[in-house]
Amino acid sequence: LKNKFMKKLPRDAEASNVLVGEVDFLESPFVAFVRLQQAVMLGALTEVPVPTRFLFVLLGPKGKSKSYREIGRAIATLMSDEVFHDIAYKAKGRKDLLAGIDEFLDEVIVLPPGEWDPDIRIEPPKSLPSSDKRKNMYAGVEAPQMNGDTPHDAGHGGGGHQVGEELQRTRRFCGGLVLDVKRKLPFFASDFYDALNIQSLSAILFIYLGTVTNAITFGGLLGDATENMQ
């Protein structure tokens with residue numbers, strides 16, 4: 001309960017572990033991308049107790065540790081992309097993964113490190129690229145069964161539907177409400193004191209001032225237009 005990062009994760013979150021290293025018995029790099037059939041706990045390998053579904057292993061000869069770390073960082077960035085990790089769940093082979101990487105590279109925006117100046121404000125793009133196009137490309141690929149999924153033909157699209165503990169009948173009066181309170185009780189206090197932060201307070205003040213000035217201006221214009229009838 002003291003781990004604030006754990007509180008931000010959804011209940012069915014699964015981890016991707018990226019492992020890179022140097023060894024003295026290889027002459028060329030060895031790479032493996034593994035998707036487990038069922039997510040499993042791998043001890044203290046992850047920072048938080050989350051079951052692991054994906055493993056990326058890169059081993060190579062000594063002398064290129066910096067390159068190995070950069071490759072591992074690129075894979076971690078790929079797995080943080082919402083569309084690509086869906087592709088990774090549904091991929092049936094290497095070609096599907098490579099196609100997902102190509103789609104990611106088509107949409108990603110890269111800033112060269114030598115050309116980027118932190119003092120220059122870069123204007124945001126006029127229109128954000130839609131992820132629907134990328135998702136639709138793999139909409140027809142059957143996804144592997146997730147932990148807790150109940151395979152059946154009902155529901156949208158005929159896929160499995162996860163029935164969580166909070167949706168199951170307890171056959172007791174207000175049993176679901178009692179379980180819901182017990183589940184959320186450790187976080188009730190933090191829901192309030194987490195907001196007592198200078199960044200939160202400054203955002204609240206900014207939003208208030210940005211709203212009240214518009215309301216005053218609109219009220220004055222409306223009064224002039226209606227001869228103060230409104």
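**Figure 1. Surroundings of Thr-52 in the predicted model.** Leaving out neighbours up to four places away in sequence, Thr-52 is in contact with Ala-15, Asn-17, Leu-36, Gln-38, Ala-39, Val-40, Leu-42 and Thr-46. The coordinates come from a predicted model. Thr-52 belongs to strand 3. With a relative accessible area of 0%, Thr-52 counts as buried, because that value is under 20%. One of the contacting residues, Asn-17, is also a polar partner: the side chains of Thr-52 and Asn-17 make a polar contact at 2.8 Å.

**Figure 2. The salt bridge between Arg-53 and Glu-14.** The closest N and O atoms of Arg-53 and Glu-14 are 3.4 Å apart, and the two residues form a salt bridge. This pair links distant parts of the chain, with the two positions 39 residues apart in sequence numbering: Arg-53 is in strand 3 (residues 52-61), and Glu-14 is in the loop between helix 1 (4-7) and strand 1 (15-23). Buried or exposed, where do Arg-53 and Glu-14 fall? Both Arg-53 and Glu-14 are buried. A search of the whole structure gives four salt bridges.

**Figure 3. The salt bridge between Glu-70 and Arg-73 in helix 2.** Glu-70 pairs with Arg-73 in a salt bridge whose closest N and O atoms lie 3.7 Å apart. The two residues are three places apart in helix 2 (residues 65-80), so about one helical turn separates Glu-70 from Arg-73. Glu-70 is partly exposed, at 37% relative accessibility. Arg-73 has a relative accessible area of 55% and is therefore exposed.

**Figure 4. Gly-72 of helix 2 and its contacts.** Gly-72 is in helix 2. Its relative accessible area is 7%, so Gly-72 is classed as buried. Residues up to four places away in sequence aside, Gly-72 touches Val-18 and Val-20. How many residues apart in sequence are Gly-72 and Leu-19, and what is their C-alpha to C-alpha distance in space? Gly-72 and Leu-19 are 53 residues apart in sequence, while their C-alpha atoms are 7.2 Å apart.

**Figure 5. A nonpolar surface patch that includes Leu-19 and Val-40.** Leu-19, Val-40, Leu-42 and Leu-45 make a nonpolar patch of about 280 Å² on the surface. Val-40 is part of strand 2 (residues 30-40). Val-40 has a relative accessibility of 35% and so counts as partly exposed. Val-40 and Leu-42 are also among the residues in contact with Thr-52.

**Figure 6. Salt bridges in helix 6.** The side chains of Lys-184 and Asp-180 form a salt bridge, with an N to O distance of 3.6 Å. Lys-184 and Asp-180 are both in helix 6 (residues 175-184), where they are four residues apart, or about one turn of the helix. Asp-180, Arg-183 and Lys-184 are joined into one network by salt bridges that share partners. Lys-184 is partly exposed, at a relative accessible area of 42%. Asp-180, with 24% relative accessibility, also counts as partly exposed.

**Figure 7. Residues 143-159 and model confidence.** Over residues 143-159, pLDDT stays under 50. The model nevertheless has 27 contacts for these residues beyond four places in sequence. Where pLDDT is low, predicted coordinates should not be read in detail. For the protein chain, the average pLDDT is 79, and 75% of the residues score at least 70.

Terms used. Residues are numbered from 1 along each chain as its sequence is written. This is a predicted model: local features need pLDDT of at least 70, side-chain atom pairs count only at pLDDT 80 or more; totals for chains, interfaces and linings use all residues. Side-chain values use heavy atoms; hydrogens and water are left out. pLDDT is the predictor's confidence in each residue, from 0 to 100. Contact means heavy atoms within 4.5 Å. Patches are made of residues with over 30% relative accessible area and no salt bridge: like charges are joined within 9 Å, nonpolar side chains (Val, Leu, Ile, Met, Phe, Trp, Tyr) within 5 Å. Accessible areas come from the Shrake-Rupley method with a 1.4 Å probe; for residues, only the protein chains shown count as cover. Buried means under 20% relative accessible area, exposed over 50%, partly exposed in between (1.4 Å probe, protein chains only). A polar contact is a pair of N or O atoms within 3.5 Å; within protein, one must be able to donate a hydrogen and the other to accept it, and residues adjacent in sequence count only if both atoms are side-chain atoms.
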